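Thanks, everyone. I'll take the ligand site and then the cavity search, with the cut-offs as we go.

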Amino acid sequence: MRPDATNSFDIVIVGAGFNGLYQLHRLRAEGWSVRLVEAGSGLGGVWHHNRYPGARVDCHVPNYEYSMEEIWRDWNWSERFPGRDELVAYFDHIDEVWNLRPDIDFDTAITSARFVEAEHRWHLATDDDRHYDCRWLVMATGFGSAPYVPDLPGLDRFEGDCHHTARWPESGVELAGRRIGIIGTGASGVQVAQETAPIAGHLTIFQRTPVYALAMQQRAMTVEEQATAKLDYPEVFQVRNAPPGSFADVHRDPRKTLEVDEAERVAVMEDRWAKGGFHCWIPFSDTLGDEAANRVVYDFWRDKTRARIADASLHESLAPTDPPYPFGTKRPSLEQTFYDIFDRDNVSLVDLKRDPLVSITANGVESEAGHVELDVLVLATGFDANTGGFTRMDFRGADGSTIGEAWADGVDTHLGVAVPGFPNMVMLYGPQSAASFCNGPVCAELQGEWVIDLLDHLRSNDVTRFDSDRSEAEDWSDTMAMWAERTLFGKANSWYMGANIPGKRRQLLNMPSSDLYLGALRSCADENYRGFTFG
Ligand code: NA7
């Protein structure tokens, strides 16, 4: 593969989401020659690709946005939890302020990346045979860039419209009056179900594991209220970006659940429920660490949820008596009407745990409960999260082996930013970072600044090659394993654990404390980039 001279840069960034755009803006200002490449045709990363009906962010205003005044000053949201189209418009607003597009190549999917030892450079190739080369490669592909389509028997025989939520056609799909089936009830499945129930001829939801969906408490927002709130934004964003991190106003009660008397405990949870969103994810300090404490929150959620579902025969499927996995150890979804739609005559649930899926047919889905005829099949089946964005491309390090081979016995990274044997490459929001426990824009700024400092360090010291130590990476994996052990995360088959993909090694892939994660990055830099080798 020969790089085209015109496509030669100091730095290539892959991915135009929060992380990639922040890097482009900052690295350009630092005087680097930098190019951002993006597989999609627009800005926003996951928000560009996840255009399924009902797609919406689960973080409330103003937590899910950049903290820079030049961006928030003239931007207002219409809802507390903004929808996908508004998020895409926000990314266009960012571009208007920072003028990023001239340095972005859209519709550019990198299919191969090779480190060329003789040059200390990465050579990249695209699906349409264009080439780039760069000294430093910044992978800002996030944790959810590789959609997962399960190997369902007969799937290729379905003759209706069939789409994965993250690859929804730009032209849309005719849904009104049609027989719609949704496989999967994670964040995406819940949102599609809410949106399509009122318009479908019939909607059938195929659930394997119940989601513990929390009340969103959505509401419209006025420009006037945001003008008032913005007076405090400098302080709000300072708090959001400081430990414990991620949210300006969502903090767990520092007490242990069972040390609080029952009446007060319920009052704390009721208050969080009323506030909505992630306020109710981790109410107390030990919610995710102690089984008895976790059960208290589960029972609260179960009773709240059952009260919403009039048909008591659905209670055991949607909100079981005993938790099938600890509360909060799979990513909770937020819902607005999800538990109400089951009261509609045109909505039914197939509980695949009770009535397993037999096969997809030409015109529907066959389960042990019978055959359901469908015109549209929605695959809300999630992602090969964290690692799929790397392992699905031909990504080769210094010795020519692929990153998939390097991770065959489990993922080892140095602090979730570097991979031993893959020199001159950094990952943002990648495996073994705090991704998904650290709000996207917060991580883009904080982990992002750390990467910018690292690159500056390389430039100031005339370094042309860096790598990371295997032993340090193994230590970080041990730290992650300790977190899986010390918390209840190890007890759930979640994508945090890599457990949603058959055959993928089970290990905790996201550090559940953004505070500790960012602290670990800081101390590495303070110790002259411990675990990195420079040449
Ligand atoms: P998720 O949260 O991974 O949800 C995927 C859903 O698909 C989940 O309910 C799965 O059930 C279900 N699934 C996966 N494979 C199958 C098969 N083979 N049969 C039946 N059901 C299946 O993905 P989302 O897109 O909803 O959300 C991803 C993240 O995006 C979200 O957490 C936010 O951070 C934004 P399971 O629970 O595995 O039994």
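Around the ligand there are 20 residues, a residue being counted when one of its heavy atoms lies within 4 Å of the ligand. The closest are T185, S188, R208, T209 and K330. This is a predicted model, where local features need pLDDT of at least 70, side-chain atom pairs count only at pLDDT 80 or more, and totals for chains, interfaces and linings use all residues. Residues are numbered from 1 along each chain as its sequence is written, and side-chain values use heavy atoms, with hydrogens and water left out.

By class, the shell around the ligand has 10 nonpolar, 7 polar and 3 charged residues. Here Ala, Val, Leu, Ile, Met, Phe, Trp, Tyr, Cys and Pro are nonpolar, Asp, Glu, Lys and Arg are charged, and the others, Gly among them, are polar.

Now the polar contacts, meaning pairs of N or O atoms within 3.5 Å. T209 places a polar side-chain atom 2.5 Å from an oxygen atom of the ligand. From the backbone, a polar atom of G186 is 3.5 Å from a ligand oxygen, and an N or O atom of A380 is 3.2 Å from a ligand oxygen. Of the 770 Å² of accessible area that the ligand has on its own, the protein covers 86% (Shrake-Rupley method, 1.4 Å probe).

How many cavities of 30 Å³ or more does a search of the whole structure find? The search finds 1. A cavity is a set of points on a 1 Å grid over the protein atoms alone where a 1.4 Å probe fits but cannot get out, and lining residues have an atom within 4 Å of a point. Volume is the space filled by probe spheres set on the points, which are joined across faces, edges and corners. The largest cavity has a volume of about 30 Å³. V57, C59, H60, V61, Y64, W77, P82 and L87 line it, and that lining divides into 7 nonpolar, 1 polar and no charged residues.

How values were computed
On a 1 Å grid over the protein atoms alone, a cavity is a set of points where a 1.4 Å probe fits but cannot get out, and a pocket is an open set with protein on both sides within 12 Å along at least five of seven lines; lining residues have an atom within 4 Å of a point. A polar contact is a pair of N or O atoms within 3.5 Å; within protein, one must be able to donate a hydrogen and the other to accept it, and residues adjacent in sequence count only if both atoms are side-chain atoms.
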